[in-house]
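Please walk me through the packing in this protein. I would like to follow the aromatic rings, a glycine and the cysteines.

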Amino acid sequence: MALSPDSPQHILRPVRLGTIAISFALALLLDFLPWKDLRLTPDFVALVLVFWCVRQPRLVGLGIGWALGLVIDAGNCVLLGQHALAYSLLAFFAISLSRRILWFGLLQQALHVAPLLVFAEAVTALVRLATGAEFPGWTIFVGPLIGALLWPLASVLLLAPQRRPVTSDETRAI
């Protein structure tokens with residue numbers, strides 16, 4: 001029987017700030033790679049931001065989302081602030097829903113994460129439309145849905161440094 005990352009048999013160690021920083025650095029690296037079709041590529045920074053806002057809302061929040069958004073805007077040479085706005089709203093809603101999301105298994109969590117990622121993409125699209133850009137098409141919402149499908153894998157990978165091995169000690173009372 002495979003254990004889910006949230007099963008009671010797993011005791012998680014406290015998260016290290018270095019783990020959070022490295023996960024955001026890797027997500028930024030993945031977002032800055034030259035993908036063939038950007039509309040079909042998930043927003044890895046948004047996915048990692050949602051994960052840490054749900055798991056560690058006291059450490060990762062709106063300020064981190066805003067800063068990461070500015071980095072994404074500067075790195076992609078787009079209107080400064082559009083991703084910052086989207087990521088700060090994404091962080092707010094992820095923190096608001098964090099207790100609810102954690103009640104579910106990974107697949108049900110992905111169903112909660114999908115609307116959050118689609119919402120963030122919609123905010124950036126609305127900002128671009130407000131500045132006079134053309135509508136890029138409905139395919140821009142495929143990337144966030146692929147990101148939601150990656151949620152179980154991302155959860156397992158991002159929680160791996162915190163996991164303790166499952167060992168049974170017959171001499172302990174608990």
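Phe51 and Trp151 are both buried. The model is a predicted one. In it, these two residues form an aromatic pair. Two values describe such a pair: the distance of the centres and the angle of the planes. For Phe51 and Trp151, the centres lie 5.8 Å apart and the planes meet at 55°. That angle is not over 60 degrees, so the pair does not count as edge-to-face. The pair is tilted instead.

Now place the two rings on the chain. Phe51 sits in helix α2, which covers residues 44-55. Trp151 belongs to helix α8, residues 151-159. The two parts are 100 residues apart in sequence, so the pair ties distant positions together. Trp52 joins in as well: ring pairs link Phe51, Trp52 and Trp151 into a cluster.

How many aromatic pairs does the structure hold? There are seven. Another of them is formed by Phe93 and Phe119. Here the geometry is edge-to-face, with 5.4 Å centre to centre and 90° between the planes. Phe93 is in helix α4 (residues 82-96). Phe119 is in helix α6 (residues 106-130). The two are 26 residues apart, and their pair links distant parts of the chain.

Are these two rings buried or partly exposed? Phe93 has 31% relative accessibility, so it counts as partly exposed. Phe119 is partly exposed too, because its relative accessible area is 32%. Phe51 and Trp151, by contrast, are buried.

Next, turn to Gly147. This glycine lies in helix α7, residues 142-149. Its relative accessibility is 2%, so Gly147 counts as buried. What does Gly147 touch beyond its neighbours within four places in sequence? Its contacts there are Pro42, Leu47 and Leu117. Leu47 falls within the residue range of helix α2, where Phe51 also lies. Leu117 falls within the range of helix α6, the helix of Phe119. A further distance concerns Ala110. Its C-alpha atom is 8.9 Å from that of Gly147, and the two residues are 37 positions apart along the chain.

Last, the cysteines. How many disulfides does the structure hold? The count is zero. Cys53 has 0% relative accessibility and therefore counts as buried. Cys77 has a relative accessible area of 70%, so Cys77 is exposed.

Technical notes:
Residues numbered from 1 in each chain as written. Predicted model: local features only at pLDDT ≥ 70, side-chain atom pairs only at ≥ 80, totals over all residues. Heavy atoms only, no water. Helix = DSSP H or I, 4+ residues; strand = E, 2+ residues; numbered from the N terminus. Buried < 20%, exposed > 50% of the residue type's maximum accessible area, 1.4 Å probe, protein only. Contact = heavy atoms within 4.5 Å. Phe/Tyr/Trp six-rings, centres within 6.5 Å; stacked < 30°, edge-to-face > 60°. Disulfide = S-S within 2.5 Å.
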